[in-house]
Amino acid sequence: MAFLTHFPFHPIHHHSSSLFTRLLFSSKPKTLLIISALSSPQTSLSHFSTTSSLETLQDISITEQTHLQIAQEKLFIPPDTEICSEKGPRILKGSNIVLSKYARDAQVVSAEFVKSSVETEACPADGLPEFALVGRSNVGKSSLLNSIVKRKKLAMTSKKPGKTQCINHFRINDSWYLVDLPGYGYASAPNELRKDWNKFTRDYFLNRSTLVSVFLLIDASIPAKKIDLEYASWLGQNQVPMTIIFTKCDKRKKKKNGGKHPEENVQDFQDLISEYFEAVPPWIMTSSVTNQGRDEILLHMAQLRNYWLKH
């Protein structure tokens with residue numbers, strides 16, 4: 001994408017939810033405002049498993065313990081979240097995200113397509129919070145969206161990359177939106193069409209006041225791509241809140257993914273992105289085939305959304 005080729009030394013625009021953005025993360029050389037409340041920076045933390053007894057989780061419980069180990073300094077601690085140093089944090093499975101008191105009303109009850117737009121000004125104007133899904137063409141974006149809402153054809157999937165050409169709004173529970181954005185890196189698309197996608201996607205990121213977070217999808221079945229690193233860096237430079245969603249984490253055939261398991265590719269991407277950020281942004285491992293990460297995405301969206309609505 002043309003607008004991802006060069007990055008300014010300072011953000012060219014502060015997202016309208018600038019306080020919320022700064023609380024989430026800043027790209028280098030800004031000071032990171034995510035503060036860990038734990039004692040030893042060398043401590044390795046396993047994911048915490050619990051049941052639905054947690055008061056804020058009335059509809060989705062935290063999943064079983066995973067084998068991933070997350071170092072304290074690589075955790076994402078949501079704003080207004082206190083951590084008990086004795087018990088340690090509750091961490092969503094397959095992620096680096098600490099559970100907060102805002103993780104409630106996470107279940108999807110209804111989902112409907114609302115409209116397609118080719119400019120930010122034409123997007124729904126009802127003021128509801130929204131989460132945008134974006135990623136390289138053929139990363140599995142539509143499949144993930146369908147998995148999240150448990151609908152096979154809410155977003156049409158295709159073996160041909162570049163199918164999404166507009167800003168597509170899907171209203172969830174009549175209270176918030178999932179937004180499907182055009183994929184990037186689709187070389188076969190006409191040059192003029194790629195320019196149009198770049199322009200209205202960039203404008204949407206910078207000027208959409210109801211955007212809570214961009215969910216940047218990265219294919220975990222293959223090694224990191226330069227264009228994905230550039231995209232993440234651009235979002236950070238412009239202080240656009242971002243969560244990294246690693247897709248296709250069920251694919252484990254070594255010969256087809258560069259000789260590494262998805263967990264290794266996830267770690268490699270985090271290592272590479274660390275040179276752009278003071279700390280790794282929130283991330284979740286997913287699979288639209290097995291529904292891995294679905295509940296975790298919904299809980300993460302819920303806690304970001306509820307904090308955003310309060311502030």
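**Group meeting: a sheet, its helices and its cores**

Let's begin with one residue. F131 has a relative accessibility of 0%, so F131 counts as buried, the cut-off being under 20%. Keep in mind that this is a predicted model.

Where does F131 sit? F131 is in strand β4. That strand spans residues 130-135. F131 has a ring partner, W176, and W176 lies in strand β6. The two residues are 45 apart along the chain, so to speak of distant parts of the chain is fair.

How do the two rings meet? Their centres are 5.8 Å apart and their planes stand at 90°. Planes over 60 degrees apart count as edge-to-face, so that is what we call the pair of F131 and W176. W176 is buried too, because its relative accessible area is 2%. The structure holds ten aromatic pairs. Ring pairs also join Y184, Y204, F205, Y231 and W234 into a cluster.

Now the strands themselves. β4 and β6, residues 176-180, run parallel and pair over four bridges. Take L133: its bridge partner in β6 is D180.

Step back to the sheet. It is open, with seven strands and mixed pairing. Read the order across it: β3-β5-β6-β4-β7-β8-β9. Which strands are at the edges? They are β3, residues 111-117, and β9, residues 283-285, and each pairs on one side only. From one strand to the next, the twist averages 25°.

Next, two helices. Helix α4, residues 226-237, lies across β4, β7 and β8. Its direction is at about 165° to β7. Helix α6, residues 294-310, packs on the sheet as well. α6 touches β4, β6, β7, β8 and β9, and makes about 155° with β7.

On to the cores. The largest nonpolar core has 42 residues. Which residues have the most contacts inside it? Those are Y204, F205, L216, L235 and F246. Notice that Y204 and F205 also belong to the ring cluster. Several elements supply at least two residues each, among them β4, β6, α3 and α5. Helix α4 gives the largest share, six residues.

Let's look at F246. Leaving aside neighbours within four places in sequence, its contacts include I218, V266, F269, W283 and I284.

There is also a second, separate core, with 31 residues. A103, L133, I284 and W308 are included there. You have met L133 already, as the partner of D180. You have met I284 too, in contact with F246.

That's the tour. Questions, please.

Terms used
Residues numbered from 1 in each chain as written. Predicted model: local features only at pLDDT ≥ 70, side-chain atom pairs only at ≥ 80, totals over all residues. Heavy atoms only, no water. Pairing = 2+ DSSP bridges. Axes fitted to C-alpha atoms, helices over the stretch in contact; angles between N-to-C directions. Contact = heavy atoms within 4.5 Å. Phe/Tyr/Trp six-rings, centres within 6.5 Å; stacked < 30°, edge-to-face > 60°. Buried < 20%, exposed > 50% of the residue type's maximum accessible area, 1.4 Å probe, protein only. Core = buried A, V, L, I, M, F, W, Y, C linked by side-chain atoms within 4.5 Å.
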